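Reader: I would like a close look at the pockets, please, with the residues that line them and the parts of the chain they come from. Take your time and connect the pieces as you go.

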Amino acid sequence: MNWGGVIRPAHRIAYEMKRGPVPDGLELDHLCRNRRCVRPAHLEPVTRRTNLLRGETIPARLAERTHCRHGHEFTPENTYQWRGSRFCRTCRAAAQARRVR
């Protein structure tokens, strides 16, 4: 939509007209999951991370996982992170043992 000579998303214009400006560093999340919706009541300012994890995205599905693909639970003791991803320590130890043999 063209608003004041600037092209902006319609949902953002509707939100700002009804509720005021979106705080810096936040984006609007469609609570109804309909990206075409412009109802301010269906929009909430959140961080990008929160918006991604609430959606139906690959990062959201990965964050919901509680176990690795071999069934080991992701606990603080059994999990390590590398380059932003979670990995299972039990599976890593088993892979290292196979390589040593």
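Author: Happy to. A pocket here is an open set of points on a 1 Å grid with protein on both sides within 12 Å along at least five of seven lines, and a residue counts as lining if it has an atom within 4 Å of a point. Please keep in mind that this is a predicted model.

Let's start with the largest pocket. Its space comes to about 710 Å³, and 23 residues line it. Nearest its centre are Arg65, Phe74, Ser85, Arg86 and Phe87. In character the lining of the largest pocket divides into 12 nonpolar, five polar and six charged residues. Several elements take part: helix H2, helix H3 (58-64), strands E5 and E6, and helix H4 (89-100) each supply at least two residues.

Two of those contributors, E5 and E6, belong together. They pair in the antiparallel sense over four bridges, and they form a hairpin with two residues between them. You can follow the pairing on the model: Tyr80 stands opposite Phe87 of E6, and Phe87 is one of the residues nearest the centre of the largest pocket. Thr79 has Cys88 in E6 as its bridge partner. At the turn, look for Arg83, in the loop between E5 (79-82) and E6 (85-88). Arg83 has a phi near 55°, a positive value in a residue other than glycine. How exposed is Arg83? Its relative accessible area is 72%, so Arg83 counts as exposed, the cut-off being over 50%.

Cys88 of this hairpin deserves a moment more. Cys88 is buried, with a relative accessible area of 7%. Its sulfur is 3.7 Å from the closest cysteine sulfur, that of Cys91, and this is too far for a bond because a disulfide needs the two sulfur atoms within 2.5 Å. Cys91 is in no disulfide either, with the nearest cysteine sulfur, in Cys68, 3.6 Å away. By this rule the model has zero disulfides.

Now to the second largest pocket, with a volume of about 340 Å³. Which residues line the second largest pocket? They are His11, Leu28, Asp29, His30, Arg33, Asn34, Arg35, Asn51, Leu52, Gly55, Glu56 and Thr57. Two elements, E3 and H2, give two or more residues to this lining, and E3 provides the largest share, three residues. The residues here divide into two nonpolar, six polar and four charged.

H2 appears in both accounts: it supplies at least two residues to the largest pocket, and two or more to the second largest. One residue of H2 (residues 48-54) worth clicking on is Asn51, which lines the second largest pocket. Asn51 counts as buried because its relative accessibility, 18%, is under 20%. Leaving aside residues up to four places away in sequence, Asn51 touches Glu27, Leu28, Asp29 and Val46. Of these contacts, Leu28 and Asp29 also line the second largest pocket. Arg49, also in helix H2, is in a rather different setting: it is exposed, with a relative accessible area of 62%. The C-alpha atom of Arg49 is separated by 25 Å from that of Ile7, 42 residues away along the chain.

Arg33 is another lining residue of the second largest pocket to look at. It sits in the loop between strand E3 (27-30) and strand E4 (43-46). Arg33 has a positive phi of about 65° although it is not a glycine. With a relative accessible area of 38%, Arg33 is partly exposed.

Finally, follow His11 of the same lining back into helix H1 (residues 10-19), where His11, Ile13, Ala14 and Tyr15 are the buried residues. These buried residues of H1 pack against strand E1 (2-3), E3 and E4. That brings us back to E3, the source of the largest share of the second largest pocket's lining. Just after H1, Gly20 takes a positive phi of about 105°.

Terms used:
Residues numbered from 1 in each chain as written. Predicted model: local features only at pLDDT ≥ 70, side-chain atom pairs only at ≥ 80, totals over all residues. Heavy atoms only, no water. Buried < 20%, exposed > 50% of the residue type's maximum accessible area, 1.4 Å probe, protein only. Contact = heavy atoms within 4.5 Å. 1 Å grid on protein atoms, 1.4 Å probe; cavity = no way out; pocket = protein on both sides within 12 Å on 5 of 7 lines; lining within 4 Å. Points joined across faces, edges and corners; volume = space filled by probe spheres on them. Nonpolar A, V, L, I, M, F, W, Y, C, P; charged D, E, K, R; others polar. Pairing = 2+ DSSP bridges.
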